[in-house]
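Ready for a few exercises at the screen? Open the structure in your favourite viewer and try each task before reading its solution.

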Amino acid sequence: MMNDDGQSDSRVVPTKSANKLMLEVGAEQMEGRGLVKGNAVESSMSRAQSRSYGMQETLRRIGQAVRREPRKEMTSLMHHVYAIAHLREAYYSLKREAAAGIDGETWQHYGEALERNLQDLCSRLGRGAYRAPAVRRVYIPKADGWLRGLGIPALEDKIVQWVVAQILSAIWEPEFKGFSYGFRRTRGTHDALDALAVGIEQRPINWVLDADIRGFFDNLSHDWLLQMIEHRVGDRRFTALIRKWLRAGVLEEGEWKLSEAGTPQGGLVSPVLANIYLHHVFDQWAQQWRKRAARGAVIIVRYADDIVVGFEQRDEAERFQRELRERLRKFELELHEEKTRLLEFGRHAAADRQRRGERKLETFNFLGFTHICGKTRAGRFTVIRKTMRKRMQTKLKELKREFRRRRHSPLKEQGQWVGAVLRGHYQYYGVPFNSASLSSFVYHVKGLWHRALSRRSQKGELAWVRFEKLVGHWIPAPRVCHPYPSQRLARRFAVIT
(Lines give C-alpha, C1' and ligand atoms only; values in the text may rest on other atoms or scores of the structure.)
Protein backbone atom coordinates (compact mmCIF):
# COMPACT_ATOMS: atom_id res chain seq x y z
CA MET A 1 0.00 0.00 0.00
CA MET A 2 1.06 3.63 -0.53
CA ASN A 3 0.62 6.55 1.84
CA ASP A 4 -0.50 10.00 0.76
CA ASP A 5 3.00 10.94 -0.42
CA GLY A 6 3.53 8.14 -2.87
CA GLN A 7 5.59 6.25 -0.27
CA SER A 8 5.08 2.64 0.70
CA ASP A 9 3.27 2.09 3.99
CA SER A 10 5.27 -0.04 6.43
CA ARG A 11 2.23 -1.14 8.44
CA VAL A 12 1.77 -4.90 8.43
CA VAL A 13 -1.52 -6.66 9.04
CA PRO A 14 -1.05 -8.90 12.08
CA THR A 15 -0.95 -12.57 11.28
CA LYS A 16 -2.16 -15.44 13.39
CA SER A 17 -0.49 -15.43 16.81
CA ALA A 18 2.56 -17.61 17.18
CA ASN A 19 3.15 -19.91 20.11
CA LYS A 20 4.56 -17.85 22.97
CA LEU A 21 6.94 -20.68 23.69
CA MET A 22 9.15 -19.42 20.86
CA LEU A 23 10.44 -16.48 22.87
CA GLU A 24 11.03 -18.62 25.94
CA VAL A 25 13.08 -21.36 24.26
CA GLY A 26 16.57 -21.63 25.62
CA ALA A 27 16.24 -18.71 28.02
CA GLU A 28 19.74 -17.81 29.07
CA GLN A 29 20.97 -17.50 32.62
CA MET A 30 20.83 -14.14 34.35
CA GLU A 31 23.78 -11.79 33.89
CA GLY A 32 26.29 -12.15 36.69
CA ARG A 33 25.09 -15.52 38.00
CA GLY A 34 27.89 -17.99 38.65
CA LEU A 35 28.15 -21.06 36.45
CA VAL A 36 28.79 -24.57 37.65
CA LYS A 37 31.86 -26.21 36.18
CA GLY A 38 31.47 -29.18 33.88
CA ASN A 39 28.31 -29.84 31.89
CA ALA A 40 26.15 -26.96 33.09
CA VAL A 41 26.98 -24.57 30.24
CA GLU A 42 27.05 -27.27 27.59
CA SER A 43 23.74 -28.82 28.60
CA SER A 44 22.04 -25.42 28.75
CA MET A 45 23.40 -24.50 25.36
CA SER A 46 22.52 -27.83 23.80
CA ARG A 47 18.89 -27.50 24.92
CA ALA A 48 18.67 -24.06 23.31
CA GLN A 49 20.30 -25.31 20.12
CA SER A 50 18.20 -28.45 19.88
CA ARG A 51 15.05 -26.35 19.90
CA SER A 52 16.41 -23.58 17.66
CA TYR A 53 14.81 -22.81 14.32
CA GLY A 54 16.30 -21.80 11.01
CA MET A 55 17.02 -18.08 10.78
CA GLN A 56 14.04 -17.26 8.58
CA GLU A 57 11.62 -19.11 10.83
CA THR A 58 13.12 -17.44 13.89
CA LEU A 59 12.73 -14.01 12.32
CA ARG A 60 9.16 -14.78 11.31
CA ARG A 61 8.28 -15.78 14.86
CA ILE A 62 9.98 -12.71 16.34
CA GLY A 63 8.08 -10.51 13.88
CA GLN A 64 4.79 -12.15 14.85
CA ALA A 65 5.52 -11.61 18.54
CA VAL A 66 6.36 -7.93 17.93
CA ARG A 67 3.17 -7.30 15.97
CA ARG A 68 1.04 -9.18 18.48
CA GLU A 69 2.38 -7.14 21.42
CA PRO A 70 3.99 -4.03 19.92
CA ARG A 71 4.74 -2.37 23.26
CA LYS A 72 6.19 -5.37 25.03
CA GLU A 73 9.94 -5.69 25.60
CA MET A 74 11.71 -8.66 24.02
CA THR A 75 13.33 -10.32 27.01
CA SER A 76 14.75 -13.54 25.56
CA LEU A 77 16.90 -13.01 22.47
CA MET A 78 20.47 -14.02 23.25
CA HIS A 79 19.90 -17.73 22.67
CA HIS A 80 19.06 -16.90 19.04
CA VAL A 81 22.48 -15.28 18.67
CA TYR A 82 24.52 -18.28 19.77
CA ALA A 83 22.41 -20.95 18.02
CA ILE A 84 24.81 -22.97 15.86
CA ALA A 85 22.39 -23.03 12.91
CA HIS A 86 22.20 -19.23 12.91
CA LEU A 87 25.96 -18.77 13.20
CA ARG A 88 26.51 -21.23 10.36
CA GLU A 89 24.01 -19.39 8.15
CA ALA A 90 25.74 -16.12 9.00
CA TYR A 91 29.13 -17.54 7.98
CA TYR A 92 27.84 -18.63 4.58
CA SER A 93 26.18 -15.22 4.07
CA LEU A 94 29.47 -13.34 4.34
CA LYS A 95 31.45 -12.23 1.31
CA ARG A 96 34.15 -14.78 0.57
CA GLU A 97 36.80 -12.29 -0.52
CA ALA A 98 36.11 -9.53 2.01
CA ALA A 99 39.09 -7.87 3.69
CA ALA A 100 40.24 -9.36 6.98
CA GLY A 101 40.00 -7.54 10.31
CA ILE A 102 42.76 -7.09 12.87
CA ASP A 103 42.92 -10.85 13.50
CA GLY A 104 43.88 -11.51 9.87
CA GLU A 105 41.31 -14.34 9.71
CA THR A 106 39.90 -15.05 6.25
CA TRP A 107 36.64 -16.72 5.31
CA GLN A 108 38.43 -19.63 3.68
CA HIS A 109 40.79 -20.33 6.58
CA TYR A 110 38.01 -20.12 9.17
CA GLY A 111 35.96 -22.58 7.14
CA GLU A 112 38.67 -25.25 7.20
CA ALA A 113 37.55 -26.11 10.74
CA LEU A 114 34.15 -24.50 10.57
CA GLU A 115 32.17 -26.68 12.98
CA ARG A 116 34.87 -26.61 15.64
CA ASN A 117 35.23 -22.84 15.28
CA LEU A 118 31.47 -22.28 15.48
CA GLN A 119 31.17 -24.51 18.54
CA ASP A 120 33.88 -22.49 20.25
CA LEU A 121 32.23 -19.20 19.25
CA CYS A 122 28.88 -20.49 20.48
CA SER A 123 30.42 -21.48 23.82
CA ARG A 124 31.99 -18.07 24.36
CA LEU A 125 28.77 -16.26 23.47
CA GLY A 126 26.72 -18.51 25.72
CA ARG A 127 28.85 -18.05 28.82
CA GLY A 128 29.48 -14.33 28.28
CA ALA A 129 33.18 -14.78 27.46
CA TYR A 130 32.98 -13.29 23.95
CA ARG A 131 35.19 -10.22 23.51
CA ALA A 132 34.67 -7.77 20.67
CA PRO A 133 38.04 -6.91 19.11
CA ALA A 134 38.84 -3.46 17.77
CA VAL A 135 37.80 -2.60 14.23
CA ARG A 136 40.47 -2.06 11.58
CA ARG A 137 39.90 1.34 9.96
CA VAL A 138 40.70 2.07 6.33
CA TYR A 139 39.84 5.05 4.16
CA ILE A 140 38.29 5.10 0.71
CA PRO A 141 37.74 8.14 -1.53
CA LYS A 142 34.26 9.66 -1.72
CA ALA A 143 32.72 11.20 -4.81
CA ASP A 144 33.19 14.70 -3.36
CA GLY A 145 36.95 14.21 -2.98
CA TRP A 146 36.91 13.53 0.76
CA LEU A 147 37.85 10.23 2.38
CA ARG A 148 35.30 7.94 4.01
CA GLY A 149 36.46 5.91 6.99
CA LEU A 150 35.39 2.27 6.87
CA GLY A 151 35.63 -0.15 9.77
CA ILE A 152 36.55 -3.76 8.99
CA PRO A 153 35.49 -6.09 11.84
CA ALA A 154 37.15 -9.39 12.61
CA LEU A 155 35.55 -12.40 10.95
CA GLU A 156 33.83 -13.71 14.08
CA ASP A 157 32.49 -10.22 14.73
CA LYS A 158 30.98 -10.26 11.24
CA ILE A 159 29.31 -13.60 11.93
CA VAL A 160 27.76 -12.49 15.22
CA GLN A 161 26.85 -9.04 13.89
CA TRP A 162 25.01 -10.63 10.96
CA VAL A 163 22.77 -12.58 13.34
CA VAL A 164 22.18 -9.59 15.62
CA ALA A 165 21.38 -7.35 12.64
CA GLN A 166 18.74 -9.83 11.42
CA ILE A 167 17.11 -9.94 14.84
CA LEU A 168 17.11 -6.15 15.27
CA SER A 169 15.61 -5.71 11.80
CA ALA A 170 12.81 -8.17 12.61
CA ILE A 171 11.99 -6.29 15.83
CA TRP A 172 11.97 -2.79 14.32
CA GLU A 173 10.62 -3.51 10.84
CA PRO A 174 6.95 -3.11 11.89
CA GLU A 175 7.82 0.29 13.41
CA PHE A 176 9.86 1.75 10.55
CA LYS A 177 8.08 4.40 8.52
CA GLY A 178 7.06 4.07 4.90
CA PHE A 179 9.48 6.80 3.80
CA SER A 180 12.51 4.99 5.26
CA TYR A 181 14.25 2.92 2.57
CA GLY A 182 17.83 2.27 3.65
CA PHE A 183 19.00 -1.25 4.60
CA ARG A 184 15.58 -2.83 4.77
CA ARG A 185 15.03 -6.31 3.43
CA THR A 186 12.33 -5.58 0.85
CA ARG A 187 13.55 -2.11 -0.19
CA GLY A 188 16.45 -0.67 -2.10
CA THR A 189 17.93 2.49 -3.51
CA HIS A 190 15.73 2.51 -6.60
CA ASP A 191 12.61 2.24 -4.47
CA ALA A 192 13.72 5.43 -2.69
CA LEU A 193 14.57 7.13 -6.00
CA ASP A 194 11.23 6.18 -7.53
CA ALA A 195 9.25 7.29 -4.47
CA LEU A 196 10.99 10.68 -4.55
CA ALA A 197 10.41 11.18 -8.28
CA VAL A 198 6.75 10.17 -8.09
CA GLY A 199 6.19 12.35 -5.04
CA ILE A 200 7.62 15.44 -6.74
CA GLU A 201 5.79 14.77 -10.01
CA GLN A 202 2.38 13.95 -8.55
CA ARG A 203 2.21 16.28 -5.54
CA PRO A 204 2.31 20.12 -5.64
CA ILE A 205 5.95 20.30 -4.55
CA ASN A 206 7.76 23.62 -5.12
CA TRP A 207 10.69 23.45 -2.67
CA VAL A 208 13.12 20.67 -1.76
CA LEU A 209 15.26 20.45 1.36
CA ASP A 210 18.39 18.39 0.69
CA ALA A 211 19.55 17.69 4.25
CA ASP A 212 22.99 16.41 5.20
CA ILE A 213 23.88 15.31 8.75
CA ARG A 214 27.49 16.12 9.59
CA GLY A 215 29.47 12.92 10.18
CA PHE A 216 26.42 10.93 11.23
CA PHE A 217 28.06 7.50 11.56
CA ASP A 218 30.95 9.03 13.51
CA ASN A 219 28.86 11.11 15.90
CA LEU A 220 25.72 9.24 16.90
CA SER A 221 25.49 9.00 20.67
CA HIS A 222 26.08 5.58 22.25
CA ASP A 223 23.98 6.47 25.27
CA TRP A 224 21.00 7.61 23.21
CA LEU A 225 21.29 4.58 20.90
CA LEU A 226 21.32 2.12 23.80
CA GLN A 227 18.31 3.84 25.35
CA MET A 228 16.45 3.47 22.06
CA ILE A 229 17.32 -0.22 21.81
CA GLU A 230 16.41 -0.89 25.45
CA HIS A 231 13.01 0.64 24.74
CA ARG A 232 12.20 -2.60 22.86
CA VAL A 233 14.85 -5.06 24.05
CA GLY A 234 14.87 -6.17 27.67
CA ASP A 235 17.50 -8.88 27.26
CA ARG A 236 20.51 -7.38 29.05
CA ARG A 237 22.98 -9.86 27.58
CA PHE A 238 21.83 -8.91 24.07
CA THR A 239 22.24 -5.19 24.69
CA ALA A 240 25.57 -5.81 26.45
CA LEU A 241 26.83 -7.43 23.24
CA ILE A 242 25.90 -4.32 21.25
CA ARG A 243 27.61 -2.16 23.87
CA LYS A 244 30.82 -4.20 23.42
CA TRP A 245 30.87 -3.40 19.70
CA LEU A 246 30.23 0.28 20.28
CA ARG A 247 33.08 0.53 22.81
CA ALA A 248 35.55 -1.81 21.07
CA GLY A 249 37.49 1.04 19.51
CA VAL A 250 39.31 1.23 16.18
CA LEU A 251 42.80 0.30 15.11
CA GLU A 252 44.27 2.90 12.75
CA GLU A 253 47.88 2.71 11.53
CA GLY A 254 48.73 0.43 14.43
CA GLU A 255 47.27 2.74 17.08
CA TRP A 256 44.15 1.84 19.09
CA LYS A 257 41.59 4.59 19.66
CA LEU A 258 38.62 4.50 22.02
CA SER A 259 35.16 4.81 20.44
CA GLU A 260 33.21 7.33 22.50
CA ALA A 261 30.62 7.98 19.81
CA GLY A 262 29.55 6.65 16.43
CA THR A 263 29.38 3.23 14.84
CA PRO A 264 31.93 2.21 12.18
CA GLN A 265 30.71 2.10 8.61
CA GLY A 266 31.48 -1.37 7.33
CA GLY A 267 30.18 -3.27 10.34
CA LEU A 268 27.23 -5.51 9.47
CA VAL A 269 25.19 -4.26 12.40
CA SER A 270 25.96 -0.55 11.84
CA PRO A 271 23.30 0.10 9.16
CA VAL A 272 20.55 -1.33 11.37
CA LEU A 273 21.75 0.66 14.39
CA ALA A 274 21.79 3.80 12.24
CA ASN A 275 18.24 3.10 11.06
CA ILE A 276 17.04 2.65 14.65
CA TYR A 277 18.73 5.89 15.70
CA LEU A 278 17.26 7.95 12.86
CA HIS A 279 13.86 6.29 13.25
CA HIS A 280 13.63 7.76 16.74
CA VAL A 281 15.45 11.01 16.03
CA PHE A 282 14.05 11.93 12.60
CA ASP A 283 11.32 9.65 11.24
CA GLN A 284 8.86 9.76 14.12
CA TRP A 285 9.39 13.49 14.62
CA ALA A 286 9.07 14.28 10.88
CA GLN A 287 5.86 12.31 10.52
CA GLN A 288 4.32 14.11 13.49
CA TRP A 289 5.50 17.47 12.13
CA ARG A 290 3.87 16.74 8.78
CA LYS A 291 0.56 15.82 10.42
CA ARG A 292 0.41 18.68 12.93
CA ALA A 293 2.33 21.63 11.49
CA ALA A 294 2.09 21.41 7.69
CA ARG A 295 -0.72 23.08 5.77
CA GLY A 296 0.56 22.26 2.30
CA ALA A 297 1.88 19.04 0.78
CA VAL A 298 5.01 17.48 2.27
CA ILE A 299 6.87 14.41 1.02
CA ILE A 300 9.75 12.69 2.85
CA VAL A 301 12.31 10.19 1.61
CA ARG A 302 15.17 8.91 3.76
CA TYR A 303 17.83 6.41 2.78
CA ALA A 304 20.15 5.86 5.77
CA ASP A 305 21.43 9.37 6.58
CA ASP A 306 20.49 10.82 3.16
CA ILE A 307 17.33 12.87 3.62
CA VAL A 308 15.22 14.73 1.06
CA VAL A 309 12.00 16.54 2.03
CA GLY A 310 9.71 18.24 -0.48
CA PHE A 311 7.34 21.12 0.42
CA GLU A 312 4.56 23.00 -1.27
CA GLN A 313 5.19 26.22 0.66
CA ARG A 314 8.54 27.90 1.24
CA ASP A 315 7.78 29.19 4.73
CA GLU A 316 7.01 25.66 5.89
CA ALA A 317 10.27 24.41 4.39
CA GLU A 318 12.23 27.09 6.24
CA ARG A 319 10.42 26.35 9.49
CA PHE A 320 11.06 22.60 9.11
CA GLN A 321 14.76 23.25 8.54
CA ARG A 322 15.02 25.40 11.68
CA GLU A 323 13.20 22.87 13.84
CA LEU A 324 15.15 19.96 12.37
CA ARG A 325 18.36 21.70 13.36
CA GLU A 326 17.12 21.90 16.96
CA ARG A 327 15.85 18.32 16.91
CA LEU A 328 19.21 16.95 15.81
CA ARG A 329 21.08 19.04 18.36
CA LYS A 330 19.03 17.43 21.14
CA PHE A 331 20.44 14.04 20.08
CA GLU A 332 24.03 15.28 19.68
CA LEU A 333 23.89 15.61 15.89
CA GLU A 334 23.99 18.64 13.62
CA LEU A 335 23.16 19.62 10.08
CA HIS A 336 26.08 20.16 7.74
CA GLU A 337 25.30 23.77 6.91
CA GLU A 338 27.43 23.87 3.75
CA LYS A 339 25.84 20.74 2.28
CA THR A 340 22.26 21.27 3.45
CA ARG A 341 20.34 23.22 0.81
CA LEU A 342 16.82 24.53 0.37
CA LEU A 343 16.16 24.91 -3.34
CA GLU A 344 13.30 25.76 -5.63
CA PHE A 345 12.32 22.57 -7.42
CA GLY A 346 9.10 21.32 -9.00
CA ARG A 347 6.75 21.71 -11.93
CA HIS A 348 6.52 25.52 -11.56
CA ALA A 349 10.18 26.17 -10.76
CA ALA A 350 11.23 27.00 -14.35
CA ALA A 351 8.37 29.45 -14.95
CA ASP A 352 8.72 31.11 -11.54
CA ARG A 353 12.46 31.59 -11.91
CA GLN A 354 12.11 32.93 -15.43
CA ARG A 355 9.50 35.42 -14.24
CA ARG A 356 11.97 36.67 -11.62
CA GLY A 357 14.78 36.82 -14.16
CA GLU A 358 16.60 33.78 -12.71
CA ARG A 359 17.33 31.48 -15.61
CA LYS A 360 19.41 28.59 -14.24
CA LEU A 361 17.36 25.85 -12.59
CA GLU A 362 18.67 24.41 -9.34
CA THR A 363 19.46 20.71 -9.04
CA PHE A 364 20.25 18.35 -6.17
CA ASN A 365 22.02 15.02 -5.75
CA PHE A 366 20.56 11.91 -4.16
CA LEU A 367 21.87 8.32 -4.18
CA GLY A 368 24.30 8.89 -7.02
CA PHE A 369 21.94 10.81 -9.33
CA THR A 370 21.61 14.51 -10.08
CA HIS A 371 17.89 15.39 -10.08
CA ILE A 372 16.78 17.97 -12.65
CA CYS A 373 13.43 19.60 -13.47
CA GLY A 374 12.57 18.59 -17.03
CA LYS A 375 9.83 17.69 -19.48
CA THR A 376 8.86 14.62 -21.46
CA ARG A 377 8.52 14.69 -25.23
CA ALA A 378 4.81 15.26 -24.68
CA GLY A 379 5.60 18.39 -22.65
CA ARG A 380 4.69 17.02 -19.22
CA PHE A 381 6.78 17.86 -16.18
CA THR A 382 9.10 15.10 -15.02
CA VAL A 383 12.11 14.61 -12.77
CA ILE A 384 15.16 13.78 -14.88
CA ARG A 385 17.93 11.81 -13.17
CA LYS A 386 21.47 11.90 -14.49
CA THR A 387 24.56 10.12 -13.18
CA MET A 388 26.37 12.45 -10.79
CA ARG A 389 29.43 13.89 -12.49
CA LYS A 390 31.66 13.35 -9.44
CA ARG A 391 30.52 9.75 -9.12
CA MET A 392 31.39 9.07 -12.73
CA GLN A 393 34.77 10.78 -12.45
CA THR A 394 35.64 8.84 -9.29
CA LYS A 395 34.67 5.55 -10.94
CA LEU A 396 36.72 6.30 -14.04
CA LYS A 397 39.77 7.07 -11.90
CA GLU A 398 39.38 3.70 -10.19
CA LEU A 399 39.05 1.96 -13.57
CA LYS A 400 42.13 3.75 -14.90
CA ARG A 401 44.22 2.29 -12.08
CA GLU A 402 42.68 -1.14 -12.58
CA PHE A 403 43.30 -1.09 -16.35
CA ARG A 404 46.92 -0.25 -15.67
CA ARG A 405 47.18 -3.20 -13.30
CA ARG A 406 45.48 -5.62 -15.70
CA ARG A 407 46.95 -4.51 -19.01
CA HIS A 408 49.22 -7.55 -19.35
CA SER A 409 46.48 -10.01 -18.44
CA PRO A 410 45.00 -12.18 -21.23
CA LEU A 411 42.63 -10.23 -23.43
CA LYS A 412 39.73 -12.60 -22.71
CA GLU A 413 40.16 -12.10 -18.97
CA GLN A 414 40.19 -8.33 -19.41
CA GLY A 415 37.14 -8.44 -21.64
CA GLN A 416 35.10 -10.47 -19.17
CA TRP A 417 36.01 -8.06 -16.39
CA VAL A 418 35.11 -4.96 -18.47
CA GLY A 419 31.78 -6.53 -19.46
CA ALA A 420 30.94 -7.22 -15.81
CA VAL A 421 31.84 -3.63 -14.83
CA LEU A 422 29.61 -2.14 -17.54
CA ARG A 423 26.67 -4.44 -16.86
CA GLY A 424 26.85 -3.53 -13.16
CA HIS A 425 26.93 0.17 -14.08
CA TYR A 426 23.88 -0.18 -16.33
CA GLN A 427 22.05 -2.13 -13.63
CA TYR A 428 22.28 0.81 -11.25
CA TYR A 429 22.40 3.89 -13.47
CA GLY A 430 20.23 2.57 -16.32
CA VAL A 431 17.16 4.70 -15.55
CA PRO A 432 14.93 6.56 -18.02
CA PHE A 433 16.40 9.82 -19.40
CA ASN A 434 19.96 8.78 -18.45
CA SER A 435 21.02 7.23 -21.75
CA ALA A 436 23.44 10.05 -22.58
CA SER A 437 25.34 9.54 -19.31
CA LEU A 438 25.50 5.78 -19.92
CA SER A 439 26.93 6.32 -23.41
CA SER A 440 29.46 8.81 -22.06
CA PHE A 441 30.61 6.30 -19.45
CA VAL A 442 31.08 3.58 -22.07
CA TYR A 443 33.01 5.97 -24.30
CA HIS A 444 35.45 6.82 -21.53
CA VAL A 445 35.84 3.18 -20.45
CA LYS A 446 36.71 2.21 -24.02
CA GLY A 447 39.24 5.04 -24.13
CA LEU A 448 40.90 3.85 -20.92
CA TRP A 449 41.06 0.27 -22.19
CA HIS A 450 42.46 1.39 -25.55
CA ARG A 451 45.19 3.37 -23.80
CA ALA A 452 46.09 0.42 -21.55
CA LEU A 453 46.34 -2.00 -24.48
CA SER A 454 48.38 0.50 -26.49
CA ARG A 455 51.03 0.48 -23.74
CA ARG A 456 51.43 -3.28 -23.60
CA SER A 457 54.35 -3.09 -26.00
CA GLN A 458 56.73 -0.64 -27.68
CA LYS A 459 55.02 -0.92 -31.08
CA GLY A 460 53.04 2.27 -30.64
CA GLU A 461 49.39 3.05 -30.24
CA LEU A 462 46.90 0.34 -31.14
CA ALA A 463 44.77 1.36 -34.12
CA TRP A 464 41.23 2.15 -33.01
CA VAL A 465 39.67 0.03 -35.77
CA ARG A 466 41.71 -2.99 -34.70
CA PHE A 467 40.93 -2.26 -31.04
CA GLU A 468 37.18 -2.33 -31.70
CA LYS A 469 37.49 -5.61 -33.60
CA LEU A 470 39.43 -7.14 -30.73
CA VAL A 471 37.18 -6.03 -27.87
CA GLY A 472 33.85 -5.05 -29.41
CA HIS A 473 32.04 -8.27 -28.50
CA TRP A 474 32.96 -7.88 -24.82
CA ILE A 475 31.47 -4.40 -24.46
CA PRO A 476 27.69 -4.53 -23.88
CA ALA A 477 25.71 -1.70 -25.40
CA PRO A 478 24.30 0.89 -22.96
CA ARG A 479 20.75 0.07 -21.95
CA VAL A 480 18.04 1.34 -19.64
CA CYS A 481 17.32 -1.43 -17.13
CA HIS A 482 14.66 0.28 -15.02
CA PRO A 483 11.08 1.29 -15.89
CA TYR A 484 9.64 4.72 -15.29
CA PRO A 485 9.18 5.34 -11.53
CA SER A 486 5.39 5.40 -11.64
CA GLN A 487 5.30 2.12 -13.57
CA ARG A 488 7.49 0.33 -11.05
CA LEU A 489 5.50 1.63 -8.08
CA ALA A 490 2.22 0.76 -9.81
CA ARG A 491 3.38 -2.82 -10.34
CA ARG A 492 4.73 -3.20 -6.83
CA PHE A 493 2.09 -1.49 -4.71
CA ALA A 494 -0.92 -1.58 -7.07
CA VAL A 495 -2.21 1.81 -5.83
CA ILE A 496 -0.55 5.23 -6.12
CA THR A 497 -2.36 8.23 -4.67
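Below are five exercises on this predicted model, each with a worked solution.

**Exercise 1. Which residues are in contact with Arg 353, leaving aside its neighbours within four places in sequence?**

Step 1: Start by finding Arg 353 in helix 14, which covers residues 349-355.

Step 2: Look at its surroundings. Beyond the nearby stretch of sequence, the contacts of Arg 353 are Glu 344, Glu 358, Lys 360, Leu 361 and Glu 362.

Step 3: Check the polar partners. The Arg 353 side chain reaches the backbone oxygen of Lys 360 at 3.0 Å. Arg 353 also makes a salt bridge with Glu 358 at 3.5 Å, N to O.

Step 4: Add accessibility. Arg 353 has a relative accessible area of 11%, so it is buried, as the cut-off is under 20%. Glu 358, in turn, is partly exposed at 33%.

**Exercise 2. Which residues do salt bridges that share partners join into one network with Arg 353?**

Step 1: Recall the principle: side chains of opposite charge can pair when their charged atoms come close.

Step 2: Take Glu 362, whose salt bridge with Arg 353 has its closest N and O atoms 3.5 Å apart. Glu 362 is partly exposed, with 25% relative accessibility.

Step 3: Follow the shared partners. One network of salt bridges takes in Glu 344, Arg 353, Arg 356, Glu 358 and Glu 362.

Step 4: Put this in context: the structure holds 30 salt bridges.

**Exercise 3. Why are Arg 319 and Glu 323 separated by about one helical turn?**

Step 1: Locate the pair in helix 13, residues 314-330.

Step 2: Count along the chain. Arg 319 and Glu 323 are about one helical turn apart because 4 residues separate them within this helix.

Step 3: Inspect the side chains, which form a salt bridge with an N to O distance of 2.8 Å.

Step 4: Compare accessibility classes. Arg 319 is partly exposed at 34%, and Glu 323 is partly exposed at 29%.

**Exercise 4. Is Glu 97 buried or exposed, and which side chain does a polar contact join to that of Glu 97?**

Step 1: Find Glu 97 in the loop that links helix 4 (84-93) and helix 5 (107-111).

Step 2: Read its accessibility. With 68% relative accessibility, Glu 97 is exposed, because that class begins over 50%.

Step 3: Search for a partner. The side chain of Gln 108 forms a polar contact of 3.1 Å with that of Glu 97.

Step 4: Check the backbone as well. Trp 107 is 10 residues from Glu 97 along the chain, with 7.3 Å between their C-alpha atoms.

**Exercise 5. In what order do the 4 strands of the open sheet lie, and which helices pack on the sheet?**

Step 1: Trace the strands. Their order is 6-7-3-8, with antiparallel pairing. Strand 6 (298-303) and strand 8 (341-344) are the edges, each pairing on one side only.

Step 2: Consider the twist. On average, neighbouring strands are turned by 15° against each other, direction ignored.

Step 3: Zoom in on strand 3 (residues 207-212) and strand 7 (residues 306-311), an antiparallel pair with 6 bridges. Here Val 208 is opposite Gly 310 of strand 7.

Step 4: Add the helices. Helix 8 (residues 189-202) packs on the sheet and touches strand 3, strand 6 and strand 7, making about 165° with the direction of strand 6. Helix 13 packs on the sheet too, touching strand 3, strand 6, strand 7 and strand 8, and its direction makes about 15° with that of strand 3.

Methods:
Residues are numbered from 1 along each chain as its sequence is written. This is a predicted model: local features need pLDDT of at least 70, side-chain atom pairs count only at pLDDT 80 or more; totals for chains, interfaces and linings use all residues. Side-chain values use heavy atoms; hydrogens and water are left out. Helices (H or I, at least four residues) and strands (E, at least two) are DSSP runs, numbered from the N terminus. Buried means under 20% relative accessible area, exposed over 50%, partly exposed in between (1.4 Å probe, protein chains only). A polar contact is a pair of N or O atoms within 3.5 Å; within protein, one must be able to donate a hydrogen and the other to accept it, and residues adjacent in sequence count only if both atoms are side-chain atoms. Contact means heavy atoms within 4.5 Å. A salt bridge is a side-chain nitrogen of Lys or Arg within 4 Å of a carboxyl oxygen of Asp or Glu. Two strands pair if DSSP finds at least two bridges between them. Axes are lines fitted to C-alpha atoms, for helices over the stretch in contact, and angles run from 0 to 180 degrees between N-to-C directions.
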